[in-house]
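Me: Please take a close look at one part of this model, the largest nonpolar core. Which residues touch the most other members?

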Amino acid sequence: AQKKPLVIVTRKLPDAIETRMMELFDTRLNADDKPLSQAQLVEAVKQADVLVPTVTDRIDSKVLAQAAPKLRLIASFGTGVDHIDLDSARQRGITVTNTPGVLTEDTADMTMALILAVARRLGEGERLVRAGKWTGWAPTAMLGGRIWGKRLGIVGMGRIGQALARRARGFGMTVHYHNRRRVHPDIERALEATYWESLDQMLARMDIVSVNCPHTPGTYHLLSARRLKLLRSTSIVVNTARGEVIDENALIRMLRGKELAGAGLDVFEHEPAISPKLLELDNVVLLPHMGSATLEGRIEMGEKVLINIKTFADGHKPPDRVFAAML
Ligand code: 8YV
């Protein structure tokens with residue numbers, strides 16, 4: 001019989017996935033739910049045939065330089081691959097896979113939740129009640145902004161952007177988007193979405209802007225200080241993608257200066273570190289990178305990881321290969 005590959009998993013995964021993984025492969029789990037240290041990560045790439053990392057593992061060229069030649073596959077548990085140096089992996093002949101598609105709807109739900117939470121002041125209202133400061137209903141208390149009839153600008157019209165567009169139409173918003181490429185006319189029509197080739201021009205006209213693109217060298221600080229200035233003082237920004245896509249300091253300055261109405265952030269530029277200045281602001285809703293965090297989604301992500309490893313181990317091309325050129 002063929003020797004089973006040594007699969008090293010960097011974080012605790014759902015029990016059902018870990019069990020199946022141990023049945024299929026020579027698996028080394030991390031019962032500890034703490035991210036690996038740099039030294040532990042280097043140890044893992046030296047020993048593994050297959051590495052299963054998550055977004056919290058920085059697999060840069062320095063780490064990969066220490067990998068043993070037997071490391072053939074990085075089967076990441078997650079869709080974003082900005083934590084992996086794809087060029088460096090390719091140069092070493094290491095295949096990289098991710099888990100696209102199974103967290104699309106969940107992340108779009110969370111994006112919609114953030115839009116509603118910021119516009120309708122959910123966080124503020126909850127804090128008021130919990131602090132015992134609610135003295136009763138009043139006609140002018142806790143007034144938010146209506147989202148019905150408002151313009152939503154989606155930055156990045158991939159799977160999640162499109163799932164968000166469908167939801168936003170259901171909430172009576174008009175949908176606009178910017179993407180490197182215009183999506184197929186049939187999809188555009190089905191989503192009733194308006195394409196903006198110029199991100200600048202779109203931003204200047206939106207009530208709500210949602211970031212739904214991956215973090216790549218090309219999207220780092222895509223919402224730069226200059227671009228954020230194009231928004232209106234009544235606009236809201238939400239981000240369930242990656243913190244690095246927004247110049248966070250510039251965003252904070254604008255929120256403090258009331259040049260923006262609010263922000264909903266599930267991801268941060270230096271997460272899990274949160275700027276103390278963000279914590280002082282009432283008009284922001286802050287979440288701990290939980291956009292895709294559903295029980296069902298995590299199982300499906302794990303199943304994708306299993307399929308990617310199994311097909312690769314059987315000598316076939318795994319379904320979810322990632323190529324630097326795709327991003
Ligand atoms: C995951 C994510 O929780 O998939 C992604 O890109 O950011 C999250 O949905 C994370 O990646 C798990 O590794």
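Reply: The largest nonpolar core has 53 residues, and Val118, Val175 and Ala263 touch the most other members. A nonpolar core here is a set of buried Ala, Val, Leu, Ile, Met, Phe, Trp, Tyr and Cys residues joined through C-beta atoms within 7 Å. Buried means that 20 or more other C-beta atoms lie within 10 Å of a residue's own; exposed means 12 or fewer, and partly exposed is in between, with C-beta atoms placed from the backbone. Helix 5 (residues 104-119) gives the most to this core, eight residues. Helices (H or I, at least four residues) and strands (E, at least two) are DSSP runs, numbered from the N terminus.

A word on the source. This is a predicted model, where local features need pLDDT of at least 70 and side-chain atom pairs count only at pLDDT 80 or more, while totals for chains, interfaces and linings use all residues. Residues are numbered from 1 along each chain as its sequence is written.

Now take Ala263. Two residues are in contact if their C-beta atoms, placed from the backbone, lie within 7 Å. Leave aside neighbours within four places in sequence, and Ala263 is in contact with Val118, Ile236, Val237, Val238, Leu251, Leu255 and Val284. There is also a second, separate core of 37 residues, with Leu86, Ala89, Val305 and Phe312 among them. In soluble globular proteins, nonpolar side chains tend to be buried together.

Next, look just past helix 5. Arg121 sits in the loop between helix 5 and helix 6 (122-130). Arg121 is not a glycine, yet its phi is positive, about 60 degrees. Arg121 counts as buried because it has 20 C-beta neighbours inside 10 Å.

Compare Lys258, in the loop between helix 11 (248-256) and strand 11. Lys258 is also a residue other than glycine with a positive phi, near 60 degrees. Lys258 has 9 other C-beta atoms within 10 Å, so it is exposed.

Follow the chain on through strand 11 (262-265). The loop between this strand and helix 12 (276-279) holds Pro272. A cis peptide bond joins Glu271 and Pro272, with omega about 5 degrees.

Last, the sheet. Five strands form an open sheet in the order 2-1-3-4-5, with parallel pairing. Two strands pair if DSSP finds at least two bridges between them. Strand 2 (26-28) and strand 5 (95-97) are the edge strands, each pairing on one side only. Strand 1 (residues 6-9) pairs with strand 3 (residues 50-52) over three bridges. Val9 stands opposite Val52 in strand 3.
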